[in-house]
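Dear colleague,

I am handing over the structure we spoke about, and below it you will find an account of what turned up when I went through it. Please read the text with the model open beside you.

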Amino acid sequence: MADSEPELGHAAGENSQGFTVDNECISKRVDEVKDWVDSLADKLKEVEDFYTSIGVSVGKDSEKGRHVVGIRKIQQEAARRDAVAAKRMQDLMRQFGSIFRQITQHKCAWPFMQPVNVEGLGLHDYFEIIDKPMDFGTIKNQMEGKDGTGYKHVMQVYADMLLVFENAMNYNEESSDVYNMAKKLMEKFEEKWAQFLPKVQEEEKIREEEAKQAAAEALLVKEASHIKTTRDLCNEICHADDELEKLMRKVVERCRKITTEEKRSIGLALLKLSPEDLQKVLAIVAQADPSFQSRAEEVNIEMDVLDEPTLWKLKFFVKVALENTIKKKKEEETKNLMQKKEATNKRTAPNKLAERKTKRPRQ
């Protein structure tokens, strides 16, 4: 009786030890490619999540290519806008300086010019009542700060000015001179701030619009980065596909030929596949035969004309697909069984509770 075709790892005329080593190399390379594909999948998921978050399909990356050219210009514009905004705020701070000088030169301002001398005045409970001490001298130093520690916005100065008055009025009795001086000075300050406020509000509107523009531009920059990542991923995926195809060819070269009975089994198994898996089968066939009409209304797959790599691909795919189908079916049956059991327990629970109450001995 003629010998059958050798299975993978048992090629006729090969040195068995050398062939086993070759198989180990192939297996190792397969594991490397699997890890490679897993890393690509993680990167692709990151890109997909980004585009999903902004309501754009990953497939539309070609429409986004036009943004890449203007990234440097966008960054330069953002820097220029920040510089202009900083200059506007400096101008506001200078204008506010006039109000600050009028308040600090008022006859009622002298108690608030320096930090409260807590120890010298014996105010042992001061820090129990006042969380954040503040005075005009500290505010002045912050307004003149050049090392990056100063005020960034005029509203910060406004808040600290109010804090000076509020601290004095919270700590001192209403009948005291310090309380009345703080109240009078605060009223004077609020009057002048009311005249200054429209300029601050106008600046806030400008900043709000600039923030929206900056956010939109930042999104464009991020999109451009993801577009490049997508292109790189596409190239890597193509390389991974090529590598897998080479490995498949090597494996098939060492495998026996698919028998007629196996071809028949594959054909029968196709009838049991889900529509989604059938589409994958058509893709496998179309990959081997570009003339194959995978999208025709009626498709015939002729097993006898398929090459060995394609047949082995189908054999492996069908096996895994059917195993997954059986696994999902069992999981679904288990889930349904658990749901039925849970529903039954809910229906019988009141009856069991009633029975326990009936059987409970009287005290």
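Helices here are DSSP runs of H or I with at least four residues, strands are runs of E with at least two, and both are numbered from the N terminus. Counted in that way, the chain has 10 helices and 0 strands, and its pattern along the sequence reads α-α-α-α-α-α-α-α-α-α. Please keep in mind that this is a predicted model. Of the 363 residues in the chain, 29% are buried, and among the contacts with a separation of 6 or more, 76% are between residues 24 or more positions apart.

The interior is a good place to begin. The largest nonpolar core has 33 residues, and those with the most contacts inside it are Phe96, Phe136, Ile139, Met161 and Phe189. At least two residues of this core come from each of α3 (71-104), α5, α6 and α7 (177-253), and it is α6 that gives the most, with 10 residues. Apart from this core lies another one, of 18 residues, which includes Ile258, Ile266, Leu282 and Phe292.

Two of the helices that supply the largest core also pack against each other. Helix α5 (residues 136-143) and helix α6 (residues 154-171) meet at an angle of about 170°, and their axes are 10 Å apart. Angles over 145 degrees count as roughly antiparallel, and therefore α5 is described as roughly antiparallel to α6. On the α5 side the contact is made by Phe136, Ile139 and Met143, which meet Val157, Asp160, Met161, Val164 and Phe165 in α6. Sorted by character, the residues of this contact comprise 7 nonpolar, no polar and 1 charged.

The aromatic residues deserve a separate look. The count comes to 14 aromatic pairs, one of which is formed by Phe96 and Phe189, an edge-to-face pair with 6.2 Å from centre to centre and 85° between the planes. This pair links distant parts of the chain, since Phe96 is in helix α3 and Phe189 in helix α7, 93 residues apart. Both Phe96 and Phe189 are buried. Leaving aside neighbours within four places in sequence, Phe189 is in contact with Phe96, Ile99, Ile103, Tyr158, Met161, Leu162 and Phe165. Phe96 and Phe189 also belong to one aromatic cluster, together with Phe100, Phe112, Phe136, Tyr158, Phe165, Trp193 and Phe196.

Finally, there is a charged residue to consider: is Glu262 buried or exposed? Glu262 lies in helix α8 (residues 260-270), and its relative accessibility is 14%, so that, with the limit for buried set at under 20%, Glu262 counts as buried. If its neighbours within four places in sequence are left aside, Glu262 is in contact with Arg256, Lys257 and Lys315.

With kind regards

Definitions and conventions: Residues are numbered from 1 along each chain as its sequence is written. This is a predicted model: local features need pLDDT of at least 70, side-chain atom pairs count only at pLDDT 80 or more; totals for chains, interfaces and linings use all residues. Side-chain values use heavy atoms; hydrogens and water are left out. Axes are lines fitted to C-alpha atoms, for helices over the stretch in contact, and angles run from 0 to 180 degrees between N-to-C directions. Angles under 35 degrees count as roughly parallel, over 145 as roughly antiparallel, 65 to 115 as roughly perpendicular and the rest as oblique. Contact means heavy atoms within 4.5 Å. Ala, Val, Leu, Ile, Met, Phe, Trp, Tyr, Cys and Pro count as nonpolar, Asp, Glu, Lys and Arg as charged, and the others, Gly among them, as polar. Buried means under 20% relative accessible area, exposed over 50%, partly exposed in between (1.4 Å probe, protein chains only). A nonpolar core is a set of buried Ala, Val, Leu, Ile, Met, Phe, Trp, Tyr and Cys residues joined through side-chain atoms within 4.5 Å. Rings of Phe, Tyr and Trp (its six-membered ring) pair if their centres lie within 6.5 Å; planes under 30 degrees apart count as stacked, over 60 as edge-to-face and the rest as tilted.
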